[in-house]
Amino acid sequence: QVQLAESGGGLVQAGGSLRLSCAASGRGFDTYAMGWFRQAPGKEREFVAGLNWRGDNIIYSDSVKGRFTISRDNAKKTVLLQINNLRPEDTAVYYCAASPHSGDYYYASRKADEYDVWGQGTQVTVSS
C-alpha cells in the first residue's frame, strides 16, 4: 500500500497560481488511480480532479475545469495539481487520495468513498 504526503499549499492573492504536489511512498503506485479533493471550513469534502494510473483518463469537477490541471509521474511517484486563476472560494484544505484500479486500467473516480488512502492535506488560502 502507498502512503501519501501533500505539499505546496500557501497563501496567495486571487488570480494567482499554486502547484500542489503529492508524493507517494511504498509499493504499487501504478496500481492506483489518483485524485485530489478539497474541504472548506463547514463544508463537505468535494472532488476536484482525478486520473487513471496512466494519466490518460482525466476528470475534473465543473467548478475547477479550465483552471486546474492534474498530472502524474509514475516513475517519480508523484501527482501534481496546477491551480491557476485562484479564487477566494478555492480556499480549502486539499487532499491527495489513491484508489486501487483492480485491473480496470481506465478507471478514475469522483467518489471519495472509492479512495482508500489519503494524505494529511495542505492548506490553500486565497485572499481577495
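**Close-up 1. Asn 52 sits in the loop between strand E5 (46-51) and strand E6 (58-60).** The model here is a predicted one: local features need pLDDT of at least 70, side-chain atom pairs count only at pLDDT 80 or more, and totals for chains, interfaces and linings use all residues. Residue numbers start from 1 along each chain as its sequence is written, and side-chain values use heavy atoms, with hydrogens and water left out. Strands (E, at least two residues) and helices (H or I, at least four) are DSSP runs, numbered from the N terminus. Asn 52 has 0% relative accessibility, so it counts as buried; the cut-offs are under 20% relative accessible area for buried, over 50% for exposed, and partly exposed in between (1.4 Å probe, protein chains only). Setting aside neighbours within four places in sequence, Asn 52 is in contact with Ala 33, Asn 57, Arg 72, Tyr 105, Tyr 106, Tyr 107 and Ala 108, where contact means heavy atoms within 4.5 Å.

**Close-up 2. Cys 22 and Cys 96 form a disulfide.** For the purists, a disulfide is a covalent bond between the sulfur atoms of two cysteines; the rule used here asks for a pair of cysteine sulfur atoms within 2.5 Å. That rule gives a count of one disulfide. The sulfur atoms of Cys 22 and Cys 96 are 2.1 Å apart, and the link is left-handed, with -75° about the S-S bond. Cys 22 belongs to strand E3 (residues 18-26) and Cys 96 to strand E9 (residues 92-100), so the pair ties together parts that are 74 residues apart in sequence. Both Cys 22 and Cys 96 are buried.

**Close-up 3. Thr 78 is in strand E8 (residues 78-83).** With a relative accessible area of 18%, Thr 78 is buried. One of the disulfide cysteines turns up here too: not counting residues up to four places away in sequence, Thr 78 touches Cys 22, Ala 23, Phe 29, Ser 71, Arg 72 and Asp 73. Arg 72 also appears among the contacts of Asn 52.

**Close-up 4. Ser 61 lies in the loop between E6 and strand E7 (68-73).** Ser 61 has a relative accessible area of 11% and is buried. Once neighbours within four places in sequence are set aside, Ser 61 is in contact with Phe 47, Val 48 and Arg 110. For a sense of distance, Ser 61 and Met 34 are 27 residues apart in sequence and 14 Å apart in space, C-alpha to C-alpha.

**Close-up 5. Glu 114 is found in the loop between E9 and strand E10 (117-118).** At 31% relative accessibility, Glu 114 counts as partly exposed. Leaving out neighbours within four places in sequence, Glu 114 is in contact with Ser 99, Pro 100, Tyr 107 and Ser 109. Tyr 107 is also on the contact list of Asn 52. The C-alpha atoms of Glu 114 and Asn 74 are separated by 21 Å, with these positions 40 residues apart along the chain.

**Setting for the close-ups. The protein chain has zero helices and 11 strands.** Of its 128 residues, 43% count as buried. Among contacts between residues at least 6 apart in sequence, 63% join residues at least 24 apart. The C-alpha atoms fill a box of roughly 45 × 25 × 25 Å, taken along the principal axes.
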